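Here's a quick tour for anyone opening this structure for the first time. Have a look at it, then read on.

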Amino acid sequence: MSKLGNIPVQAKSEKKRTNPLARVFDELIQFCQSRSMFMLHYCTGCGAIELPPAMTSRFDMERLGIQPMVTPRQADILLVTGYVSVKTLKRVILTYEQMQSPKYVIGICSCTVNGGMYWQSYATAKVLNEYLPVDVYIAGCMPRPEAVIMGLRRLMSNIENGKGNAWKDYYERYDYYLGNQQHLFGDDWQTPVDVIGEAKFYDLEGEETYGEHTRTLEQHQEPLEAAVMRVKL
Amino acid sequence: MSVLDEVFILCALGALVLFVFHRIRGIEKLAVVFYAALLYLLIKMSGLGYGGEVIYSSFSLNILGETLQWRFDAVSWFFAIITVASGLFSAVFMSGKWGESYREKTSNAAYGTLQIALLLNVNSMLILLASGDLLSLFIGWELVSWASFMMMALNPDKQARQAAIKYIVYAMAGAMAFLAAMAYVYGITGSLQYAELAQASAALSNGQIILLSLLFFTGFAIKMGLIPFHLWQAVAYAETPAPGAVFLGAISARMGLYAIIVVLIQLIGLGHLQQIHIPFTFWNLQTVLAWVGALTTIIPTYIALKQNDARHLLAWHGVGQGGYMLLGLMTLNSLGSAGGLLHVFNYATYQAALFMTIGAVIYRTGTANFDKLGGLVTQMPLTFMVMVFSIIGLAGLPPMNGFVSKWMVYRSLLLDGEPLLFVAAVIGTLGTILSVYKLVHNTFLGQLRVEHQNVREAPLSLLIPMLVLAAIMFVTGMMPGLVLDWVASAQLAMGLVPVTYNLGGIVLASGGLDMIWITLILFYGLGVGAIIFYLLGGRAKRVHQYDNYAGGHFLTSRVRYHYSHNFYAGLMHLIGGWYRGSFKKLEQAIVSLVSLLSQLSENMYRSAQPAMMVIIVVVLSLWSISGGIN
């Protein structure tokens, strides 16, 4: 694990796959993924105002294959477009966890990078990637639509080159993110999403998936068992 | 002794036995046997469904020079087999756990009375269907009305009682119209025999035919709940105890359709319906009736959309679906009328199944209120499956049987060049699709309430009839030819050109329908999708029910975000202004008028106004002295 400034960079996990043909389609799949993305814009602050021009005819995001989507279940990109207060951050985390993998986060505006003009605020989360794995930051107050599109293109090239793997980091180092979340929200913090179960589902349990914070979570956690369809006569 | 005699003897015996022993436990099993035996006798008559000869009963009555006789033709048999099968399914439904719980809630006597009511309904309908002249038709008509009333009156709720009283007032008004029409016929022909009326109607003037049709049609339309007489039916059917609602919902109102077929199509005749123009319009009688059918598909369906109780939603649909049958029938061509008749059968299968699913939900949870349900799919998966099959049928989507009959109606409207009627039918279907989605979403989908977490699947005695009905829906949807045999025979008996069909559907020069292919392609598509998903390593993952997106809100058992109250708020924003209750106001206006008239006459009769009375008496006597009417 190395660090690039504040952003942790995770080396790609090199698990041996036994099937020699397993990676034949990987590039094709990455190519396709990068060109059809639904984005859920969680419009928190002033950055949202730059998205309508980016989406509509002048800058036309859709030519890149990017479209708005209304639910996190079908979305690929979570856009966080401004400062996140503590209360909002809870919702952002819930929304992120409800997205299906692979999923990408883009932080727009300076506020998501370092708190921006709210850096003195007691109620604002300053650095977004302490709580969520951020793929791309687009700095500026506010970034123009050209910058937004440039950031999206950066994300596309990352995905195409197999570098858009921040979402795996959330499962592999869940304890780290959960720790920061607990620090902010208190020890009884819990979302209804079974993140550890998902880490198992995606086969992404790392050494740092578990730790003291997940143990704290277990103590407070209400059960998350899915209702099972069963014929009980 | 003909088979029809055996049917009547069995009916009488059944009624007698049930009336004597109705308080005894185990009578419900006997009732099931009775309906099964009745079904067996009808199957013995099944030659009628395949072009057989009319079967007469060997007895007849002579009253005041009128001969009352009973017979079964293909139309009667078609309706009768649906009636008896609905009775059998209802009887099975209430023979097990449902009956026990009803007994506990009420009493042995009340349960026995419910059984008697069901049996009387089936019997009186058979008598009606077998009628061979106008007088026996009228007798059967009255029997059916009172038997339905008995069934409806069994629910002690205030709302249910009021609905039952309202029904019987409507039914009596209809019967009076029917009686007036009969008197008119008697005045013209001096007889109440079908043959004489059919003969005489050829010579009647247009005005006479219009008056006669209006009187008859008013009587029959009230039974069927056609516009503008649709207000009584839904509440009355919905509030009936579950098996009663199953039976009444499935077939009872269709007796009106049967009478329309017998009197308007067979006796007054197709030629008259098509030739008689309504004065000052460009419509003929057939178009007017078709438009009554079209409006009946639309208005009650959109009233159903607003209901917040599953039973009321379904019952309102029942009124609306009647419109499709009349609309199909009133195209008067082979395809459309076959569609209308086939819809009677199809509708009975899925409406019975739907009322059963709601009955099962009420049995387990105690309510059918949409605001208090939701998420039951995990607890009652089989009931859910039956409901999905049925609403696919009700909405008219393949591969269920409802698709076939609706397709036939649409297709014949298009071929006839009736774009406006076609659009009306499609608007009705749109309302159906919207409201059946509301039905399934608000009961079975969404999030389970805490108090329903230990709800179990409906017991077997409730499940078996439901599952059998679901199977019938699917099989007759895939192979509609099975039922089209009966429909074609009925069309022949009505004097229409029978539809050309094969096992898979309709044979038509301008593009037919083959449900076997459609079903196969549907499953092929599903199969391809499944293969792609599973071959590419797709895996499903179940999530907790509160792991659900609600704009970032955290869901808890207190804030579930199960969207059921004020469903379709956006749509209601657009069309809400159309719900003005015009027909209710019309009904109230008539009620006020009647009460005003009765108050006036009461005042005349009771208040002491000697001067007024003297004047009236003097005027009347002067008038009669001076010659009176003459």
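Is the crossing of H16(B) and H21(B) left-handed or right-handed? The crossing is right-handed (clockwise turn of the near helix from the far one by less than a right angle; anticlockwise would be left-handed). Before going further: this is a predicted model, where local features need pLDDT of at least 70, side-chain atom pairs count only at pLDDT 80 or more, and totals for chains, interfaces and linings use all residues. Residues are numbered from 1 along each chain as its sequence is written, with chains lettered from A and ligands numbered from 1 in the order in which they are written.

Helices (H or I, at least four residues) and strands (E, at least two) are DSSP runs, numbered from the N terminus.

| Helix in chain B | Residues |
|---|---|
| H16(B) | residues 334-365 |
| H21(B) | residues 481-494 |

These two pack at about 120°, with axes 9 Å apart (axes are lines fitted to C-alpha atoms over the stretch in contact, and angles run from 0 to 180 degrees between N-to-C directions). H16(B) and H21(B) are therefore oblique to each other (under 35 degrees is roughly parallel, over 145 roughly antiparallel, 65 to 115 roughly perpendicular, the rest oblique).

Over in chain A, 5 strands make an open parallel sheet, ordered E4-E3-E5-E7-E9 (strands pair if DSSP finds at least two bridges between them). Its edge strands are E4 (66-68) and E9 (136-138), and the twist averages 25° from one strand to the next.

As for the two chains, 20 residues of chain B are in contact with 20 of chain A (C-beta atoms, placed from the backbone, within 7 Å).
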